[in-house]
Amino acid sequence: MADPESLKAVFDYFDRDGTGTLELDELEELLNALGQCVTKEEVRSIMAADDINSDGVMSLSEFIEFYKRHGKDAAKVGQEIGDAFKRFDRNNRGYLSKTDMETILTKGGAFPFTKEEAEMCFDAFDLNKDGQMDYGVTI
Ligand SMILES: [Ca+2]
Ligand SMILES: [Ca+2]
């Protein structure tokens, strides 16, 4: 399973509004970024299944449980993305370019993406559309 540090980085990344929890739209974005094509219905049922304390949002600990339950494939992707950020951002710029992202996703690891998929992923991450993917790991 992915180490908690990477999971937390991923979790924080998708917690756009900094509430410390993932709401439905944030969870949807996360799943899409991981290459899971999910419908809103599916997001809702995932949330329902994994929202352990039934408060309607996913906390970090629930998110970690979610990863455990949904097998090592998902965990591996999350970990790869987290690790890849650090590995490819050699100059510690704090962001990756679209080319970096394509290199990571199409050449790296157990889950090779097509160029189109990599671009979709990049666009999902590049929120302010400045062509740089900030990964904003707060330590
Ligand atoms: Ca949030
Ligand atoms: Ca919850």
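In the predicted model, the buried residues of helix α6 are M101, I104 and L105. Viewed down the helix axis, these buried residues fall within an arc of 85°, so they line one face of α6. The face turned away from this buried side carries the exposed residues T99 and K107. Helix α6 spans residues 98-107 and packs against α7 at an angle of about 125°, with the two axes 9 Å apart. That angle makes α6 oblique to α7, and α6 passes α7 in a right-handed crossing. On the α6 side the contact is made by K98, M101, E102, L105 and T106, and on the α7 side by K115, E117, A118, C121 and F122. By class, the residues of this contact divide into five nonpolar, one polar and four charged. M101 and L105 are thus among the buried residues of α6 and also take part in the contact with α7.

The overall architecture provides the setting for this packing. The protein has seven helices and four strands, which follow the pattern α-β-α-α-β-α-α-β-α-α-β when read along the sequence. Of the 139 residues in the protein, 27% are buried. Among contacts with a separation of 6 or more, 52% are accounted for by residues 24 or more positions apart.

Helix α7 (residues 115-125) also meets helix α2 (residues 24-33), the axes of the two coming within 9 Å and crossing at roughly 150°. Because an angle over 145 degrees counts as roughly antiparallel, α2 and α7 are assigned to that class. The crossing in which α2 passes α7 is left-handed. In this contact, E29, N32 and A33 in α2 meet C121, A124 and F125 in α7. The contact of α2 with α7 comprises four nonpolar residues, one polar residue and one charged residue. C121 of α7 is listed in the contact with α2 and in the contact with α6.

A further helix pair is formed by α1 and α4. The axes of helix α1 (residues 4-14) and α4 come within 10 Å and cross at roughly 115°, and the crossing is right-handed. P4, L7, K8 and F11 of α1 make the contact with L60, F63, I64 and Y67 of α4. The residues involved divide into seven nonpolar, no polar and one charged. Within helix α4 (residues 60-69), F63, F66 and Y67 are buried. Seen down the axis of α4, these buried residues fall within an arc of 95°, so they line one face of the helix. The exposed residues S61 and R69 are carried by the face of α4 turned away from its buried side. Of the buried residues of α4, F63 and Y67 are included in the contact with α1.

Several loop positions were also examined. The loop between α3 (40-50) and β2 (58-59) holds S54, and G56 lies in the loop between α3 and β2 as well. Most residues other than glycine have a negative phi. S54, although not a glycine, has a positive phi of about 55°. With 7 other C-beta atoms within 10 Å, S54 is exposed, because a residue with 12 or fewer such neighbours is classed as exposed. G56 likewise counts as exposed, with 11 C-beta neighbours inside 10 Å. In sequence, G56 and E23 are 33 residues apart, while their C-alpha atoms are 7.4 Å apart in space.

The loop between α5 (71-88) and β3 (95-97) contains D89. This residue is partly exposed, with 17 other C-beta atoms within 10 Å; the count places D89 in that class because the class lies between the limits of 12 or fewer for exposed residues and 20 or more for buried ones. The C-alpha atoms of D89 and D100 are separated by 8.3 Å, the two residues being eleven residues apart along the chain.

Conventions. Residues numbered from 1 in each chain as written. Chains lettered and ligands numbered in written order. Predicted model: local features only at pLDDT ≥ 70, side-chain atom pairs only at ≥ 80, totals over all residues. Contact = placed C-beta atoms within 7 Å. Axes fitted to C-alpha atoms, helices over the stretch in contact; angles between N-to-C directions. Parallel < 35°, antiparallel > 145°, perpendicular 65-115°, else oblique. Left-handed = near helix turned anticlockwise from the far one by under 90°. Nonpolar A, V, L, I, M, F, W, Y, C, P; charged D, E, K, R; others polar. Arc of directions from axis to C-beta.
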